[in-house]
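Work through the exercises below with the structure open. Try each task before reading its solution.

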Amino acid sequence: MKHRRRLKTFFLTLSLALPGLAAAQASAAADRVLIVVSSEGRDQGKTRPGFEMDEFAQAWLLLRANGLEIDVASPAGGPVEADRFDPQADFNARLLADAQAQASLARTLPTAGLRAADYRAVLVMGGKGAMFDLPRDAALQRLIAAVDAQGGVIAAVCHGPAALAEVRRADGSALVAGRRLTGFTNEEEAAFGKTWAAQFPWLLEDQLKTQGARWEEASLMLPKVVVDGRLITGQNPFSTTAMTEAVLRALGRAPQAREPFRDEATMALAQRWLDGEREPVQALLAANAKAYKMELIAMLGLYQYKQAGDDANRRQGLSLMRLAEPHFKHPKLSEAIAEARKALGASS
């Protein structure tokens, strides 16, 4: 009798615990996301282009800070190589000191062995290598389609949307058809893609438009994120943090408050300047110009000026160069400003 009472108590306890255990297991599965990077990279991008470490580092750090578990995959699996990057950038320095991140990059999972049911979101990183192997990866295409079909979040930044170009839904339609999105633009490719763009199978912007995407973009290299339901895309490397935080919100999480990365703060400052917030921006620089990378603003202005198709955009580029000039002294910047003022009129 005593044994029967003990057994009854045991099974009652087990029956009460099982729903909680199942919920805990479901919660654990719900907390796992996948980051996909290119396998192409060789010799820091000199022999073959790879993935962008800046993008990976920022996405990894934000996802981990918000409590998500991360798997890292690539078409070939195994170790992957990023293009040349600045190891002293705040986000890269933190990633290089992160043993788990380094181990994940040293043994990425092959996309062919993954199950969509394991992930609530897939984030595809850019870098020019993404233009070569990701669109050819049929396993990755199936995975993205399956995660989308089960209600998961699909995100990509910079050249990462190349992975979406050939993805088909169950009815055979293109995943991107009729969807608002962005990615590395033709204008940005013309400015920064001279080494590898001639070998691309297609230009990203052109191909996604051909597949029926509703393309959106900001001015050259300014951050932009487009959210179309559970499809989230970022235009360029400077869009990575906003894209990642949009993914967190799509997963029902409020991103934790944090200090922006230095590059991120710099681009936000440039955008505020272009939006007409002249006095607040000047006050921030007067208080602590070293908090910002003024050489980045100078380069942004120079490229925007050179790539501009009209005087309005040329003036925008000149405005950024002039913002940087008091805090970044360089003869080429001074020459570019003088040339731009002469072309646009001394009042510019």
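The exercises cover pockets, a strand and salt bridges in this predicted model.

**Exercise 1. The largest pocket**

Task: Find the volume of the largest pocket, the residues nearest its centre and the elements that line it.

Solution:
- Start with the volume. The largest pocket holds about 1200 Å³ of space.
- Next, list the lining. It has 33 residues, and E52, D54, R84, F192 and M299 lie nearest the centre.
- Assign the lining to elements. Two of them, α7 (186-192) and α12 (294-307), give two or more residues.
- Pick out the main contributor. α12 supplies the largest share, five residues.
- Sort by class. The lining of the largest pocket has 17 nonpolar, five polar and 11 charged residues.

**Exercise 2. The second largest pocket**

Task: Name the residues that line the second largest pocket, and state which element gives the most.

Solution:
- The volume of the second largest pocket is about 180 Å³.
- Its lining consists of E295, A298, M299, L302, F328, H330, K332 and L333.
- Here α12 and α14 (331-344) are the elements that give two or more residues.
- α12 gives the most, with four residues.
- By class, five lining residues are nonpolar, one is polar and two are charged.
- Now compare with Exercise 1. M299 is among the residues nearest the centre of the largest pocket, and M299 also lines the second largest pocket.

**Exercise 3. Strand β5**

Task: Decide which way the side chains of β5 point, and which strands pair with β5.

Solution:
- Locate the strand. β5 spans residues 153-157, and five of its five residues are buried.
- Recall the rule. Side chains in a regular strand alternate between the two faces of the sheet.
- Apply it. V153, A155 and V157 point one way from β5, while I154 and A156 point the other way. Both sets are buried.
- Take one neighbour. β4 (residues 121-124) runs parallel to β5, joined by four bridges. In this pairing V122 stands opposite I154.
- Take the other pairing. β9 (residues 231-234) is also parallel to β5, again over four bridges. Here A156 stands opposite T233.

**Exercise 4. Salt bridges**

Task: Which parts of the chain does the salt bridge between R253 and D31 tie together, and why does R253 count as partly exposed?

Solution:
- Get the total. The model has 16 salt bridges.
- Recall the principle. Side chains of opposite charge can pair when their charged atoms come close.
- Check the distance. The closest N and O atoms of R253 and D31 are 2.6 Å apart.
- Place both partners. R253 sits in the loop between α9 (240-250) and α10 (262-274), and D31 in the loop between α1 (2-30) and β1 (32-36), so the salt bridge ties together parts 222 residues apart in sequence.
- Judge exposure. R253 counts as partly exposed because its relative accessible area is 24%, and the class runs from 20% to 50%.

**Exercise 5. Comparing other pairs**

Task: Are R258 and E245 buried or partly exposed, and where does each lie?

Solution:
- R258 and E245 form a salt bridge at 2.8 Å, N to O.
- R258 lies in the loop between α9 and α10, and E245 in helix α9, 13 residues apart.
- R258 is partly exposed, at 30% relative accessibility.
- E245 is buried because its relative accessible area is 17%, and buried means under 20%.
- Now take K224 and E216, whose salt bridge spans 3.9 Å, N to O. K224 is partly exposed at 24%, and E216 is partly exposed at 23%.
- Finish with a network. Salt bridges link E40, R48 and R136.

Definitions and conventions:
Residues are numbered from 1 along each chain as its sequence is written. This is a predicted model: local features need pLDDT of at least 70, side-chain atom pairs count only at pLDDT 80 or more; totals for chains, interfaces and linings use all residues. Side-chain values use heavy atoms; hydrogens and water are left out. On a 1 Å grid over the protein atoms alone, a cavity is a set of points where a 1.4 Å probe fits but cannot get out, and a pocket is an open set with protein on both sides within 12 Å along at least five of seven lines; lining residues have an atom within 4 Å of a point. Grid points are joined across faces, edges and corners, and a volume is the space filled by probe spheres set on the points. Ala, Val, Leu, Ile, Met, Phe, Trp, Tyr, Cys and Pro count as nonpolar, Asp, Glu, Lys and Arg as charged, and the others, Gly among them, as polar. Buried means under 20% relative accessible area, exposed over 50%, partly exposed in between (1.4 Å probe, protein chains only). Two strands pair if DSSP finds at least two bridges between them. A salt bridge is a side-chain nitrogen of Lys or Arg within 4 Å of a carboxyl oxygen of Asp or Glu.
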